[in-house]
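Please look over the sequence and the model shown here before reading on.

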Amino acid sequence: MRVQSSATAPTGIAVSAPPKTAGTLQAALGVAAFSLTFPATAWGLEGFGPWSLVAVRSVLAALIAGGCLLALRVPMPSRGHWPGLAVVAAGVVLGFPMLTTLALRTSTTAHAAVVVGLLPLTTALLSALRVGTRPSRTFWIAACAGAAAVVAFTVQQSGGALTSADLYLFAALLVCAAGYTEGGRLARVMPGWQVIGWALVLCLPFTVPAAALALSYEPVHLTAHSVTGLLWVAAGSQFLGLVVWYRGMAAIGIPKASQLQLAQPLLTLVWSVLLLGEHLTVAAPLTAAAVLVCIAVTQRARG
């Protein structure tokens, strides 16, 4: 069956996909929002425990999304969409925030940004597997080279062995890539903001009690940094960033959108210096640039 140029909303009304120029801009705005996630998380951890930060950010984002869904009287998604939404919820709403937050307790944002720089590559790989395509030999060579560069960087930075923070980050890559891939697929048949909106609402039965439990056990120290960080990861990263990201992916395709994400690790390195005062080692920007080149090769190999 041919995929039409417009998406169909659950109401049965055809919703035109944004033009490719607008889609590129939206995907770029999503990348800019995501690049601030790690610095904002580091700020949030100044006043919240890791479990509290993740649960509260998800609840706040779900309240924003739920309010929009109610205000616009959006009907429930069809039964066939819920498995995909569950993957988005598990990967993007719960898995990636929790794993990266646990990693950032002991890892710098610069280090985490380099490791998660493999996310476009992982997303492209899972996307290829999801739709049943067979990447070329060039794709696999570049993919392995990029992965080797990141593994070498993490081992060198960790003193010869992977740390628990590195393991959290590698796991975060897999779950987030799965969420991105499934979310990009769903955004072709329903508006992108509804994809993340329903995924957030789907998690409320888990995140509300988790937030109450975490806040009762973990101390909270409200500061300007911690509140700003929490609000950004909830509204900016968890909802608005994903809204424009999924719309962009639906308009220009997952492979092209992932090309734009090449800039994310480098942007995060800049924010880590400007906002957190971190000092970069020479290896960080060099490894980020090497991964950028490898992913660019994979994108060309996939056409």
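What follows is a set of questions and answers about helices and their packing.

This is a predicted model, in which local features need pLDDT of at least 70 and side-chain atom pairs count only at pLDDT 80 or more, while totals for chains, interfaces and linings use all residues. Residues are numbered from 1 along each chain as its sequence is written, and side-chain values use heavy atoms, with hydrogens and water left out.

Q: How many Å does helix α12 reach from its first C-alpha to its last?
A: Helices here are DSSP runs (H or I, at least four residues), numbered from the N terminus, and α12 takes in residues 263-276, which is 14 residues. The expected span is 1.5 Å times one less than the number of residues, and for α12 that is 20 Å. The model comes close to this, with a reach of 19 Å.

Q: Over what arc around the axis of α12 do its buried residues lie?
A: Buried means under 20% relative accessible area, exposed over 50%, and partly exposed in between, with a 1.4 Å probe and protein chains only; the buried residues of α12 are Q264, P265, T268, L269 and S272. They are on the same side of α12, because the arc that they cover is only 145°.

Q: Which word describes how α3 and α9 lie to each other?
A: Helix α3 (residues 50-71) and helix α9 (residues 192-217) pack with their axes 7 Å apart, at an angle of about 140°. Angles under 35 degrees count as roughly parallel, over 145 as roughly antiparallel, 65 to 115 as roughly perpendicular and the rest as oblique. The two helices α3 and α9 are therefore oblique.

Q: Is V208 buried, partly exposed or exposed?
A: V208 is found in helix α9, and its C-alpha atom is separated by 8.6 Å from that of S58, although the two are 150 residues apart along the chain. The relative accessibility of V208 is 42%, so V208 counts as partly exposed.

Q: Is L53 buried or exposed?
A: L53 has its place in helix α3, and its C-alpha is 8.2 Å from that of T101, a residue 48 places away in sequence. With a relative accessibility of 1%, L53 counts as buried.

Q: What is the angle at which α9 and α10 pack?
A: Helix α10 covers residues 224-252, and its axis is 7 Å from that of α9. These two helices are oblique to each other, and they pack at an angle of about 140°.

Definitions and conventions:
Arc of directions from axis to C-beta. Axes fitted to C-alpha atoms, helices over the stretch in contact; angles between N-to-C directions.
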